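Q: Please take me for a close look at one part of this model. I would like to follow it strand by strand, and then settle on a single residue within it.

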Amino acid sequence: MDPVTSAAAAEDMAWLALDDASAAGAARRATERLADRLGMPAARVAEVGLAVTEIATNVHRHAGAGALLLRSVRTGTAAALEVVAVDNGPGIPDLTAARRDGHSTAGTLGIGLGSIDRLADALDISSAPGRGTVLVARFEARRVAAPGSDSTGPDAAGITRALSGETVCGDAYAVRGDGPRMSLMVCDGSGHGPLAAAAAREAVRAFNDPGHPVSPEMAVRRIHRVLSGTRGAAVAVAELDAAAGLVHFAGVGNIAGAVVSGGDKRSMVSIGGVAGYRDPTIRTFRYSLPPGSVVVLHSDGVRARWAAAELGGVLGRSPLMIAATLLRDAGVRQDDACVLVGRARR
C-alpha cells in the first residue's frame, strides 16, 4: 500500500475588516501577536507587522474597504504566517509598476509592494479592473525561500469564513496525500456556531485518521459513522489521481464539487442526505481530470452557479489564490463558507 502523508496544517485565525483608517493599526497588532505566538524572532515580528500595515493601508486607501485574513501554517516543527487580503475596489492598473521596489502612492507608508516583496517569503497578487485585488503573502519564521518570489505553493489549499456575527466556523476542510494521489475533504456542520464546528472537527479527525488509503466512498462512510451523535453534516471527498487523469468523488448533502479546466467547469454529483443521520446513499462517481485542471470543493456558503470564466485570470496561480478569489466573488455572508482547491501534478 502507498504510505499516507499529511499536508501542512493551515488554520484560519482571524478575519479583520479594513473599513476605516484605524484598521491598519489593528491589523498590525493582531499580526504581531500571531507572529509572536508562532515563535518568530522579534526582528521578524516587526518585519511582518510592517508589511501587513502597508497591505491594510493600501486596501483602505485605494479600495475603500476590504478584508484581511491571518493564517497560521505548521509543517512539522516549522511555522509560517500567511496573509490574505481581498477587496472589490477598482484594481491596480499597472501591477508590474506597483511591485517595483520603491514605488508607492500617496497615503501609504511609502514602502510599496516592492518592499513587501522583499519582506515576504512568497507574494502573489491578482488584480482586475473593476473587480478588485487579491493578495496572498507568506512569512516564514526564518527566511528560507527566495524573497518575494511568486510561487504556486502547495498543491492544495482551503479557506474558511464564519457567518457574520459568529466566532467559529461550522465549515472545515482537510487534505491528505495517499502516495501519488491526493484526497480533499470539505465538511459543512449542520447549522452554525460551536455545535456545527464540533461536528466539522470530528469529520476532519476521521478523515485524517492514520491508516491505509481509502476510497472517497469509504472515507465518507467512516465520517458518517463518526458523526453519529453530533448535529451531522454535509460531507464530500474527492481523490485526485493525476497519473490516471481521473478524479473520484463521493458526497452527501450540499457540498459542491467541480473540475475546472481552461474555460470549462464540470460539476460533480453529490447525493442528498446528512452524514451522521440515518443511512444516506453514498456512491463514488468518476470524472476526467485533464492536465492543468483544478478540483474545487465548497460548502453552500458559496453560490453554486459560478462560472469557470470567473476564475480565468487566476487558474494558473496558487490554490490559495484561487480559493480566496472564489470566496470573495461568490461567497454568501449569511452562511459559513469554505472553499478547497486542489491541483494534481503529473
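**A sheet of five strands**

A: The chain has seven helices and 16 strands, taken as DSSP runs numbered from the N terminus (helices H or I with at least four residues, strands E with at least two). This is a predicted model, in which local features need pLDDT of at least 70 and side-chain atom pairs count only at pLDDT 80 or more, while totals for chains, interfaces and linings use all residues. Residues are numbered from 1 along each chain as its sequence is written, and side-chain values use heavy atoms, with hydrogens and water left out.

Some background on the whole chain first. Of its 346 residues, 53% are buried (under 20% relative accessible area with a 1.4 Å probe, protein chains only; exposed is over 50% and partly exposed lies in between). Among contacts with a separation of 6 or more, 71% join residues 24 or more positions apart, a contact being heavy atoms within 4.5 Å. The chain exposes about 14600 Å², and carbon and sulfur atoms supply 53% of that area, by the Shrake-Rupley method with a 1.4 Å probe.

Now to the sheet itself. Its five strands come in the order β7-β16-β15-β12-β13, forming an open sheet with antiparallel pairing; two strands pair if DSSP finds at least two bridges between them. At the edges are β7 (156-161) and β13, each of which pairs on one side only. Neighbouring strands are turned against each other by 20 degrees on average, direction ignored, using axes fitted as lines to C-alpha atoms (for helices over the stretch in contact), with angles from 0 to 180 degrees between N-to-C directions.

Let's start at the β13 edge and work inward. Strand β13 (residues 264-268) runs antiparallel to β12, with five bridges joining them. The two form a hairpin with two residues between them, and in the turn Gly262 has a positive phi of about 60 degrees. Beside this turn, Ser261 has Asp264 in β13 as its bridge partner. Also from this edge strand, Lys265 lies over the face of Trp306, at 3.8 Å from the ring centre; the rule asks for NZ of Lys or CZ of Arg within 6 Å of the ring centre and within 35 degrees of the ring normal.

On its other side, β12 (residues 256-261) meets β15 (residues 294-298), again antiparallel and through five bridges. Here Val259 has Val295 as its bridge partner in β15. The next step takes us from β15 to β16 (residues 337-343), an antiparallel pair over five bridges. Val295 turns up again, standing opposite Gly342 in β16.

That brings us to the residue worth pausing on. Is Gly342, which is found in strand β16, buried or exposed? Gly342 is buried, with a relative accessible area of 0%. Leaving out residues up to four places away in sequence, Gly342 touches Asp155, Ala156, Met182, Leu184, Leu240, Val294 and Val295. One of these, Ala156, belongs to the edge strand β7 (156-161), while Val294 and Val295 are in β15 (residues 294-298). As for Ile322, 20 residues away along the chain, its C-alpha atom is separated from that of Gly342 by 9.7 Å.
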